[in-house]
Amino acid sequence: MDTAQAGQCGAGRGDTGSGARRARIRRAVRSLSGPDPWKRGPVLAALALVLGLLMLLHAQITDRGGLGSLVETFLPWFGLFIPVLAAGALWRRSAAAVVALLLPVVAWLSLFGGLLFGKSQPGGDLTVVSHNVNAENPDPASTARDLAASGADLLALEEMTPQAAVAYGKELAKAYPYHTVQGTVGLWSKLPLSDSRSVDVLRGNVGPLAKTRRAEDLPVDPPRALRTAVATDQGPLVVYVAHLGSVRLMPRHGFWTDSRDVGAVALAKAVAAEQNERVVVLGDLNGTTDDRAFDGLTSQLHSAQEAAGHGFGFSWPASFPMARIDQILVRGVEPKSSWVLPATGSDHLPVAASISW
């Protein structure tokens, strides 16, 4: 009898616990079914709508002080606000906020949802790698060995000092018998190169500081971009290697992008004038493909990462990548896969892609 009574008591407690849970569920349903949930959380609902409109209409944001470029550089990260607002909406039991959150969810997925699914394919005729090696890289030789180990057919390096260029040349000479260096950028190749020349993408007379200085007093910068033709079995492949001007957050001038923007226009004009059908642009462009400054380039070429990568492929900073400012853009060839290589001694991560004819 003691055992039976204990079992009955246990069953009673179980029923009580189950009944309490059912009661809580009924209360939650009732709290969301009445008129009050639509009146709760108006601020949360408004913030959700603003977030969605910001992502949908980012191209309409003024670029005064570089605001538009700054927003577009970190646009994918705006998605982090969605779960924060969702948690607030659930806590406040606000039906209006939950419905309003549909706008930023749809906006984010329409912009970046495709990057969540791997699109890489096996094969490829040529592997290309681009890396800003960092002028302050403490061990160029080690970086060169790491990059050569990738097996790339074409290896583009940016931000080389004259001394580092010599070190890279020595380490890469055996694996890459052909190379061209123009100023701070270079291309090492397993295939013959021809018609190599510098491309002018940097101006010393732009930006707020230049307005107070005479043109003859401005420094003469070394070339930061090159153009060369790679001989392949399928005909010439024109390759551009570029390191566009830096961007700066300045107290009086906001997100300063003048030098980079001038370079982006110059590079886009060079590509537009290119007669060869097959073109690859490699380099540190100091901006993402979402940035309006690169409309002239992205209207002619498409990103290997977006076409054949998995995820966002963030490349900078190497310690905690937050943006893909190192790009592989193509025209007339098909990206098969795109990925990011492990860190070297640089503050950027190398980016790679396999392309096919």
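# Contacts, pocket and backbone features of a predicted model

Leucine 109 sits in helix H6, which covers residues 102-112. The model described here is predicted. Leucine 109 has a relative accessibility of 45% and therefore counts as partly exposed. Together with Val105, Leu116 and Phe117, Leu109 makes a nonpolar surface patch of about 370 Å².

## Aromatic pairs

Helix H6 also holds tryptophan 108 and phenylalanine 112, four residues apart, or about one turn of the helix. Their side chains differ from leucine 109 in exposure: tryptophan 108 and phenylalanine 112 are both buried, whereas leucine 109 is partly exposed.

How many aromatic pairs does the model contain? The count comes to seven. One of them is formed by tryptophan 77 and phenylalanine 314, whose rings are stacked, with 5.7 Å from centre to centre and 20 degrees between the planes. This pair links distant parts of the chain, 237 residues apart. Tryptophan 77 is in the loop between helix H3 (67-73) and helix H4 (81-92), and phenylalanine 314 is in the loop between helix H11 (304-308) and strand S12 (326-331). Tryptophan 77 counts as partly exposed because its relative accessibility is 24%, and the lower limit of that class is 20%.

The pair of tryptophan 108 and phenylalanine 112 is tilted, because the planes of the two rings stand at 55 degrees, with the centres 5.7 Å apart. Ring pairs join residues from both of these pairs into a cluster, made of Trp77, Trp108, Phe112, Phe312, Phe314 and Phe320.

## Salt bridges

The structure holds eight salt bridges. The table gives three of them, with the N to O distance of each.

| Basic residue | Acidic residue | N to O distance |
|---|---|---|
| Arginine 292 | Glutamate 72 | 3.1 Å |
| Arginine 145 | Glutamate 171 | 3.5 Å |
| Arginine 260 | Aspartate 291 | 3.1 Å |

Glutamate 72 and arginine 292 form a salt bridge, and this pair links parts of the chain that are 220 residues apart. Glutamate 72 belongs to helix H3, while arginine 292 is in the loop between strand S10 (279-284) and helix H10 (295-298). Are the two partners buried or partly exposed? Glutamate 72 has a relative accessible area of 1% and so is buried. Arginine 292 has a relative accessible area of 21% and is partly exposed.

For glutamate 171 and arginine 145, which meet in a salt bridge, the two partners come from two helices. Because glutamate 171 lies in helix H8 (residues 162-172) and arginine 145 in helix H7 (residues 140-148), the pair ties together parts that are 26 residues apart in sequence. Glutamate 171 is partly exposed, with a relative accessible area of 32%. Arginine 145 is partly exposed as well, at 45%.

Arginine 260 forms a salt bridge with aspartate 291. The pair links helix H9 (residues 258-272), which holds arginine 260, to the loop between S10 and H10, which holds aspartate 291; the two residues are 31 residues apart. Arginine 260 is buried, with a relative accessible area of 0%, and aspartate 291 also counts as buried at 0%. Elsewhere, Asp195, Arg197, Arg227 and Glu274 are joined into one network by salt bridges that share partners.

## A pocket and its lining

The second largest pocket contains about 350 Å³ of space. Its lining consists of 21 residues, and those closest to the centre of the pocket are Val247, Arg248, Asn286, Trp316 and Ile325. H3 and strand S8 (248-250) each supply at least two residues of this lining.

## Backbone features

Most residues other than glycine have a negative phi, and most peptide bonds are trans. The model has exceptions to both patterns.

Asparagine 286, one of the residues closest to the centre of the second largest pocket, has a positive phi of about 50 degrees although it is not a glycine. Asparagine 286 lies in the loop between S10 and H10. At 13% relative accessibility, asparagine 286 counts as buried, because buried means under 20%.

Aspartate 195, a member of the salt-bridge network, has a positive phi of about 55 degrees and is likewise not a glycine. Aspartate 195 is found in strand S5 (residues 193-198), and its relative accessibility of 46% makes it partly exposed.

Where is the cis peptide bond with an omega of about -10 degrees? This bond joins tryptophan 316 and proline 317. Proline 317 is in the loop between H11 and S12, and Trp316 is among the residues closest to the centre of the second largest pocket.

Notes: Residues numbered from 1 in each chain as written. Predicted model: local features only at pLDDT ≥ 70, side-chain atom pairs only at ≥ 80, totals over all residues. Heavy atoms only, no water. Patch = residues over 30% accessible without salt bridge, like charges linked within 9 Å, V, L, I, M, F, W, Y side chains within 5 Å. Areas by Shrake-Rupley, 256 points an atom, 1.4 Å probe, with all protein chains shown as cover. Salt bridge = Lys/Arg side-chain N within 4 Å of Asp/Glu carboxyl O. Buried < 20%, exposed > 50% of the residue type's maximum accessible area, 1.4 Å probe, protein only. Phe/Tyr/Trp six-rings, centres within 6.5 Å; stacked < 30°, edge-to-face > 60°. 1 Å grid on protein atoms, 1.4 Å probe; cavity = no way out; pocket = protein on both sides within 12 Å on 5 of 7 lines; lining within 4 Å. Points joined across faces, edges and corners; volume = space filled by probe spheres on them.
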